[in-house]
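Colleague: I am new to this structure and would like a close look at a single part of it. Please choose one part, go through it from the whole to the detail, and then say what lies beyond it.

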Amino acid sequence: MATKTATAPPKNLPGEPAVTLALAEEHNLNQMEYDRIVAMLDRTPTFTELGIFSALWSEHCSYKHSRPVLKKFPTTGKHVVQGPGENAGVLRLPDGWAVAFKIESHNHPSAVEPYQGAATGVGGILRDVFTMGARPVAVLNSIRFGPLSEPRNRYLFAGVVRGVGDYGNCMGVPTLGGEVVFDETYAGNPLVNAMCVGLLREDDLIRAKAEGVGNILLAVGARTGRDGIHGASFASEELSEQSQARRPQVQVGDPFMEKLLLEASLDLITGGIIVAIQDMGAAGLTSSAAEMAERGGVGVELDTSLVPIREQGMSPYEILLSESQERMLVVAEPGRVAEVQTVCQRWELDATPVGHVTDDGMFRIIHEGTLVASIPGSRLIDDCPVYTPEAAESASAVVRRKARPEGEPTAGLHRSLEVLLDTPTLASKRWVFQQYDSTVQAGTAIAPGGDAGVLRVETTDFGLAVTVDCNARYVMLDPYEGGKAAVAEAARNIACTGAQPLGVTDCLNFGNPEKPEVFFQFREACRGIGDACRAFDTPVTGGNVSFYNESPTGAIAPTPAVGMVGLLHKLSHRVPSHFHSARDAVFMVGTTTGHLGGSAYWAEIHGFVGGAPPPVDLEAESRLQRFLQAAAATGLLASAHDCSDGGLLLALAEAAIGGPYADSTMGVSVDLTGYAPDSAFLPPGRC
Amino acid sequence: MMRAAVVRFPGSNCDMDALRAAERSGCQAYFVWHRDDDLQQADAVLLPGGFSYGDYLRSGAIARFSPIMQAVQRHAADGGPVLGICNGFQILCEAGLLPGALLPNAGLTFVSRPVPVRVENVATPFTMAYHKGETLHIPVAHGDGRFVAAPDTIDELESSGRVVLRYVDHGNPNGSTAGIAGICSSEGNVVGIMPHPERIVDPAIGDDSGSRFFSSLAQWRAAGSNTPVTTSV
């Protein structure tokens with residue numbers, strides 16, 4: 001069948017619309033892109049092909065506005081086993097172990113359907129990690145909303161927290177950290193970034209690379225439905241009044257199915273039964289098949305009529321673009337298909353052959369005997385245009401950075417502390433993380449509520465420290481310094497526990513990159529992240545770009561969330577962030593230079609957001625990190641806590657108040673003689 | 001050596017933690033599958049936490065019908081020790097091996113935190129290594145942990161000393177009746193608890209006070225496994 005149809009050009013099925021430029025534009029492809037497709041194929045694409053291009057050439061899948069900037073990140077180093085380009089990055093740990101980790105956004109779905117949007121965001125990032133052969137051991141999340149005074153924001157916040165919790169809790173993966181921020185800038189466009197960390201034996205690492213002509217592609221897991229069609233395209237446009245109509249495009253998660261898929265996938269991988277595996281995530285079967293083929297330099301032929309579906313009458317267009325959750329595409333040698341099916345059946349999952357690997361490099365789709373798509377596979381991925389938009393800082397941003405609040409402070413130290421502790425972004429997040437299982441897997445050594453989460457690696461004496469951080473106010477005021485500061489804060493949080501920062505995954509949330517002021521923020525923030533990662537020897541191993549975070553009120557503040565993992569060489573050397581014993585001495589480590597620009601103090605007490613954020617001295621930060629590790633290893637520290645948002649004042653208060661479940665709080669007495677009058681609010685330095 | 005069967009339902013997610021906790025305490029622990037009908041000569045059975053079959057109906061309501069539960073019923077009827085933790089406790093209630101039910105938490109949200117619990121019955125095969133009245137801080141992590149039963153059932157549990165664990169010091173995380181965190185059967189061999197002692201069995205993470213739930217088994221056997229374990233208070 002395949003050889004007979006392969007020679008004739010593909011055609012539309014009865015009832016499918018003829019493809020025109022207008023239809024392409026409805027699919028978010030512009031005229032230049034459409035012309036390029038027609039030239040590549042030397043004919044008008046079929047409707048199915050148009051769907052394929054619209055998904056793979058969406059911003060979400062193609063990184064067409066971000067690729068040249070991302071290429072400047074440091075991505076190599078002695079710990080790097082797998083850098084960007086795979087489902088997740090992988091770093092080497094001692095004793096044959098490795099850590100796979102990645103962060104990803106699910107902003108737009110969560111903006112219209114918070115519960116399922118957040119839940120499937122967690123599901124997707126878990127799959128990215130376990131398809132590398134790693135067992136997820138921690139999840140973190142960075143979530144941002146508009147002010148809690150608005151009912152809509154409270155609805156989104158509560159829905160997201162419940163969605164994250166229900167999915168992660170059911171999967172049995174502990175949540176070890178995260179960020180929760182409330183700010184006007186996220187009012188129409190909340191951010192939901194989920195990070196997953198997994199452990200694997202380096203020997204078990206598997207890559208999503210289709211190889212071996214004649215090998216079989218199998219669809220594993222849930223059946224394919226009509227949910228989530230064009231989700232990748234949805235993620236690549238601005239939110240508007242009409243976005244609520246996209247609600248049916250939000251996928252629905254089934255964590256129970258995912259748990260079965262996790263166990264089956266790890267059995268398939270560690271058993272050496274399969275050649276490759278990839279999650280059917282954004283752009284579903286289309287991207288998983290096309291990307292695996294491209295990495296392996298082979299072609300694939302899929303018969304969409306073989307894909308198990310949830311409802312009758314689904315077209316190849318729908319089957320290819322469905323983003324139904326909890327599905328995997330697996331490549332196996334023909335002789336091992338039965339074995340794959342046996343493993344899957346044990347976990348009550350379907351594993352259905354849906355295609356095979358070919359030697360002609362074509363991405364070919366057959367449906368009920370009709371060839372409906374035939375595209376040169378490598379060009380489908382590589383020929384997507386790359387844009388380098390104009391970048392220019394807005395004049396208002398420059399003015400804002402140079403501004404200072406008018407008038408004198410309106411509150412003294414005591415009142416200021418009360419105001420800051422009462423600010424939702426700075427207050428304890430216990431209400432949130434108490435809804436996430438933080439102790440399952442029995443390895444949690446430092447639970448949420450401190451600087452970084454720490455977990456034990458079973459059967460070894462080392463541990464992992466994990467965190468995710470970003471001060472978006474800093475990035476908005478000075479994208480370059482703000483980018484540096486996000487990495488520095490993450491590394492400082494890791495080092496406060498005594499761990500060595502190892503590597504980064506980043507979730508780059510920005511507005512519309514076609515706006516010069518937004519692309520400037522993106523380019524400069526990435527430059528800052530890259531410089532800091534180079535200075536700390538923490539390469540970027542992957543991540544995600546989320547553009548078009550705009551609501552009718554404008555772009556969000558640039559928010560590059562930095563996820564980081566660190567190695568605690570001896571778990572027993574871990575350092576908590578809260579004061580331990582009365583009469584312990586409190587030290588301020590680092591230089592206090594008098595910066596209040598971008599501070600929470602100015603924002604909350606003066607009602608003023610502006611000024612220049614404190615510049616990050618990368619060399620001094622590196623020395624600080626090394627000091628913290630060395631001091632922890634020699635047992636000098638009873639606790640260590642990073643001074644960040646809210647400065648020294650909040651750091652002291654948090655350390656004294658104790659952990660979320662402390663029986664009693666401690667007091668602290670400090671002598672600030674010699675510091676500037678406002679110095680209690682200064683951000684840099686740690687104690 | 002005690003043989004401890006850890007039952008794996010699809011959706012169990014504390015199965016590995018329970019297995020390792022039992023191993024750490026000197027048991028020969030192994031998994032049995034929900035489709036199995038044989039416990040492979042288990043001395044003790046552990047029903048781990050998780051979301052069996054997704055718990056989309058009612059926590060534990062589907063798991064009770066799985067083939068392995070018939071074997072667990074026989075094991076329990078013969079006086080064999082059974083410990084259900086969290087979802088395992090919910091399954092034991094659904095299966096009628098323990099009285100009462102576990103309803104959604106009073107706060108209507110999932111709760112994950114360490115809670116103070118008092119050990120009130122140290123005669124069961126899983127609590128013999130504790131002192132009566134000892135307070136432990138054990139993590140809970142559940143959405144449906146509010147223990148309820150008819151008033152006369154509660155009276156019966158209280159008067160016959162069948163409350164094994166009780167939340168104390170204002171630590172009741174879910175609104176359980178009388179702060180009940182764990183109970184046992186009238187013979188004492190079947191125990192259900194909401195807190196997760198299997199998560200605190202490793203001194204490397206700073207706390208191993210949960211390990212005696214598992215090391216108790218050896219003590220129970222040494223004491224003669226048919227000793228009635230219910231104590232009056």
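Modeller: What follows is an account of chain B, then of its contact with chain A, and then of a sheet in chain A. The model is predicted.

Start with the whole of chain B. This chain contains five helices and eleven strands. Its C-alpha trace spans about 40 × 40 × 40 Å along the principal axes. The radius of gyration is 16 Å, which agrees with the value near 17 Å that a compact globule of 233 residues would have. Burial can be put beside this: 61% of the 233 residues of chain B count as buried. The contacts can be sorted by separation along the chain. Among those in chain B between residues at least 6 apart in sequence, 76% join residues at least 24 apart.

Now take one element, helix 3 of chain B, which runs over residues 87-94. Eight of its eight residues are buried, so the helix is described as mostly covered. These residues are B:Asn87, B:Gly88, B:Phe89, B:Gln90, B:Ile91, B:Leu92, B:Cys93 and B:Glu94. The cover over them includes strand 3, strand 4 (82-85), strand 5 (101-103) and strand 11 (190-193) of chain B. After helix 3 of chain B comes B:Gly96, with a positive phi near 80°.

Strand 3 (44-47) of chain B also leads to another residue to look at, since B:Asp55 sits in the loop between this strand and helix 2 (67-77) of chain B. Most residues other than glycine have a negative phi. B:Asp55 is not a glycine, yet its phi is positive, near 50°. Is B:Asp55 buried or exposed? B:Asp55 counts as buried because it has 22 C-beta neighbours inside 10 Å, and the cut-off for buried is 20 or more.

A residue of chain A can be set beside this one. A:Arg583 likewise has a positive phi, near 75°, and is a residue other than glycine. A:Arg583 is found in a loop too, between strand 21 and helix 22 (600-606) of chain A. This residue is exposed, because 4 other C-beta atoms lie within 10 Å, where the cut-off for exposed is 12 or fewer.

The contact between the chains comes next. Chain B puts 26 residues into it and chain A puts in 25 residues. On the side of chain B, the elements that give two or more residues are helix 1 (15-24), strand 6 (111-119) and strand 7 (135-142). Strand 6 of chain B supplies the largest share of that side, four residues. By kind, the residues of chain B that touch chain A divide into twelve nonpolar, eight polar and six charged.

Beyond chain B, chain A holds an open sheet of six strands with mixed pairing, in the order 14-15-16-21-17-18. Strand 14 (444-446) and strand 18 (540-546) of chain A each have a single partner strand, so one side of each has no neighbour in the sheet. From one strand to the next, the twist averages 20°. Within this sheet, strand 17 (residues 500-509) and strand 21 (residues 559-568) of chain A are antiparallel partners joined over nine bridges. One facing pair there is A:Thr505 and A:Gly563, the latter in strand 21 of chain A. Helix 21 (residues 516-536) of chain A packs on the sheet and touches strand 17, strand 18 and strand 21 of chain A. The direction of helix 21 makes about 175° with that of strand 17 of chain A. Helix 20 (residues 479-496) of chain A lies across strand 16 (463-469), strand 17 and strand 21 of chain A, and runs at about 30° to strand 21.

How values were computed
Residues numbered from 1 in each chain as written. Chains lettered and ligands numbered in written order. Predicted model: local features only at pLDDT ≥ 70, side-chain atom pairs only at ≥ 80, totals over all residues. Pairing = 2+ DSSP bridges. Axes fitted to C-alpha atoms, helices over the stretch in contact; angles between N-to-C directions. Contact = placed C-beta atoms within 7 Å. Rg over C-alpha atoms; globule rule 2.2 N^0.38 Å. Nonpolar A, V, L, I, M, F, W, Y, C, P; charged D, E, K, R; others polar.
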